[in-house]
Each structure stands twice: as structure tokens, then as C-alpha cells.
Amino acid sequence: MSLRVGDKPAIGAYAIDFWSMVRRIRAIERCVSQRDPILFVGDDDLASLALHFLGYKNLTVLDLDVELLAVIERASGGRVRSLEHDLRSVYRGRLPKVARDHALFVSDPPYGPDGLRAFCGVGMAALGVGGHGLLACPVERAPVTRVGDPDELAALLQAFVLESGGVLLGVHERAARSYHGTVSNFWVIKKLTRRRPRFDLLKGPHAFY
Ligand SMILES: C[S@@+](CC[C@H](N)C(=O)[O-])C[C@H]1O[C@@H](n2cnc3c(N)ncnc32)[C@H](O)[C@@H]1O
């Protein structure tokens with residue numbers, strides 16, 4: 001399987017270092033069993049494939065990158081479900097057609113204020129009450145990127161989670177580094193109510209990436 005690395009292509013990066021993946025899998029193991037339904041809201045780290053090879057049985061990946069989805073489908077022999085969807089559809093009030101009983105969503109979203117919240121909201125909408133989310137949120141930006149102030153992004157995201165019926169349980173510190181050097185914490189979120197995510201708080205497509 002070819003892995004896109006280094007100079008980042010237009011969409012997915014296909015690159016994660018070994019220890020970041022180990023930490024991510026350990027975080028996932030603490031939230032779910034191998035039979036629980038897990039949704040990946042974007043998956044250019046190919047964590048879904050890692051879990052598939054570890055024996056996880058109920059995995060779905062949602063992404064707009066058809067090449068990424070083809071790699072995952074091929075490598076898993078079709079056993080990881082894939083769904084092509086552009087999440088900017090939330091601006092038109094459209095959510096992807098996925099079950100609402102996932103035990104966990106996992107996402108390293110675009111780091112625009114709306115990308116973070118849209119990916120988080122779609123993940124939360126797909127959870128059953130009591131389900132968990134693992135979501136990357138920047139803590140240290142690389143100067144060459146357009147990524148905004150990490151404290152402001154974290155404050156927006158936390159308000160969104162609370163308003164959408166969830167709670168922030170904790171963070172795995174410095175659990176991800178993007179191709180452009182931005183370092184992220186992985187937030188652990190728990191869904192407490194059936195409330196609909198507050199997509200009305202989003203600013204507009206200019207704030208997605
Ligand atoms: C946003 S990217 C990686 C972001 C990471 N935080 C970074 O800055 O390097 C994560 C995944 O989201 C997918 N993605 C990007 N925009 C999307 C959109 N509008 N709808 C659905 N998936 C999207 C990409 O294809 C990729 O697989």
C-alpha cells in the first residue's frame with residue numbers, strides 16, 4: 001500500500017508517527033471493546049486500518065477523499081465500511097447518513113474554528129448517549145500554517161461540546177503532530193444527552209479550514 005507522506009497532498013496526509021498511533025490505539029482501547037461500533041470522522045492517519053488488523057469488527061470511515069477510502073476498502077477487503085461525504089454539508093443542515101448508536105468517534109479534524117466543531121458535531125450526532133469521542137485539538141501551532149490561536153480554538157470547541165450535550169472528560173496531551181508541525185492534544189469527550197449539536201454556532205465556510 002502506498003502511503004502519502006512529506007509534501008502534503010491536497011486532502012489527506014496518510015502520515016502518523018509510530019508512537020502517536022500507539023497512543024491513539026491505547027486511548028481507543030480504554031473507551032470501547034473490539035465489537036463496539038466506531039466512526040472515524042476523517043481518517044487520513046489510517047487508524048481504522050490499524051484497528052481492523054487488531055481485530056476490531058465494526059468500523060466506519062467517513063471522508064471526502066475517495067483515494068483514501070479506496071485504500072481503506074482495498075486493504076480491509078471491504079470490512080471497514082466507508083462513506084464519501086463532504087462535511088461542509090452541515091452549512092446546509094445535512095448530516096451524513098450514519099447510525100446514531102456509535103460507541104466512539106475518532107477524528108483529527110481541519111483546525112479551522114468551524115472544521116473542528118463540524119467534525120466534532122457530526123461525531124457527537126453519531127453517538128449513543130454515554131458514547132465517547134476522541135478529537136484532536138491544536139495546542140501548539142506551527143508558524144507556517146493558518147492555524148489560529150490554540151487557546152481560542154479550544155475555548156470555542158469546549159463551548160460547542162457543552163452546548164451540544166457533551167462534556168470534556170480529559171485530554172491525552174500532545175498525542176498528535178500534523179504534517180505541518182502543529183501539535184495537538186486528543187480530547188476525550190462524553191455524550192450526556194440526545195441534544196442536537198449546535199451547528200448554528202458555526203461562522204461559515206470561510207472558517208472551516
Ligand atoms: C482534515 S484532515 C487532517 C487534519 C489535520 N488536523 C492536519 O491539519 O493535518 C483529516 C481528514 O479529513 C478529511 N477531510 C477534509 N475536509 C473534509 C470535508 N470537508 N469533509 C469530509 N472529510 C474531510 C481529509 O480527507 C482527511 O482524511
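On the side of helix H5 opposite its buried residues, Asp151, Glu152 and Ala155 are exposed. Here a residue is exposed if 12 or fewer other C-beta atoms lie within 10 Å of its own, buried if 20 or more do, and partly exposed in between, with C-beta atoms placed from the backbone. The model is predicted, so local features are given where pLDDT is at least 70 and side-chain atom pairs count only at pLDDT 80 or more, whereas totals for chains, interfaces and linings use all residues. Residues are numbered from 1 along each chain as its sequence is written. Helices (H or I, at least four residues) and strands (E, at least two) are DSSP runs, numbered from the N terminus.

The buried residues of H5 are Leu153, Leu156, Leu157, Phe160 and Val161. Viewed down the helix axis, these buried residues fall within an arc of 135°, so they line one face of H5; the arc is that of the directions from the helix axis to the C-beta atoms. A reminder about helix geometry is handy at this point: an α-helix has 3.6 residues a turn, so residues three or four places apart point the same way. H5 has 14 residues and reaches 20 Å from its first C-alpha to its last, close to the 20 Å expected at 1.5 Å a residue. The expected span is 1.5 Å times one less than the number of residues in the helix. The buried residues of H5 pack against H4, strand E5 (127–140), E6 and strand E7 (183–191). Just after H5, Gly165 takes a positive phi of about 85°.

Leu157 offers a good view of this packing. Leu157 sits in helix H5 (residues 150–163) and counts as buried because it has 21 C-beta neighbours inside 10 Å. Leaving aside neighbours within four places in sequence, Leu157 is in contact with Leu116, Arg117, Cys120 and Cys137, where contact requires C-beta atoms, placed from the backbone, to lie within 7 Å. Leu157 and Arg117 are 40 residues apart along the chain, yet their C-alpha atoms are separated by 6.1 Å.

Helix H4 comes next. Its 13 residues should span 18 Å at 1.5 Å a residue, and its end C-alpha atoms are indeed 18 Å apart. Because 12 of the 13 residues of H4 are buried, this helix is largely enclosed by the rest of the structure. Among the buried residues of H4 are Leu116, Arg117, Phe119, Cys120 and Val122. The partners against which the buried residues of H4 pack are E1, strand E4 (102–107), E5, H5, E6 and E7.

The largest nonpolar core has 52 residues, and those with the most contacts inside it are Leu39, Val106, Cys120, Val122, Leu135 and Leu157. Helix H4 (residues 113–125) gives the most to this core, with seven residues. Such a core is a set of buried Ala, Val, Leu, Ile, Met, Phe, Trp, Tyr and Cys residues joined through C-beta atoms within 7 Å. Leu135, one of the residues with the most contacts in the core, touches Ser107, Pro109, Cys120, Gly123, Phe186, Trp187 and Ile189, not counting residues up to four places away in sequence.

Around the ligand there are 20 residues, the closest being Gly42, Asp44, Asp65, Leu87 and Ser178. A residue belongs to these surroundings if its C-beta atom, placed from the backbone, lies within 6 Å of the molecule. The shell divides into 10 nonpolar, three polar and seven charged residues. In this division Ala, Val, Leu, Ile, Met, Phe, Trp, Tyr, Cys and Pro count as nonpolar, Asp, Glu, Lys and Arg as charged, and the others, Gly among them, as polar.

Two residues other than glycine deserve a look for their backbone angles. Leu46 has a positive phi, near 60°, and lies in the loop between strand E1 (38–41) and helix H2 (47–54). Leu46 is buried, with 23 other C-beta atoms within 10 Å. Arg174 also has a positive phi, near 50°, but lies in strand E6 (residues 166–177). Arg174 is partly exposed, with 14 other C-beta atoms within 10 Å.

Thr145 lies in the loop between E5 and H5 and counts as partly exposed, with 14 C-beta neighbours inside 10 Å. Thr145 touches His180 and Thr182, not counting residues up to four places away in sequence. From Thr145 to Thr182 the C-alpha distance is 8.1 Å, with their positions 37 residues apart in sequence.

Key
Contact = placed C-beta atoms within 7 Å.
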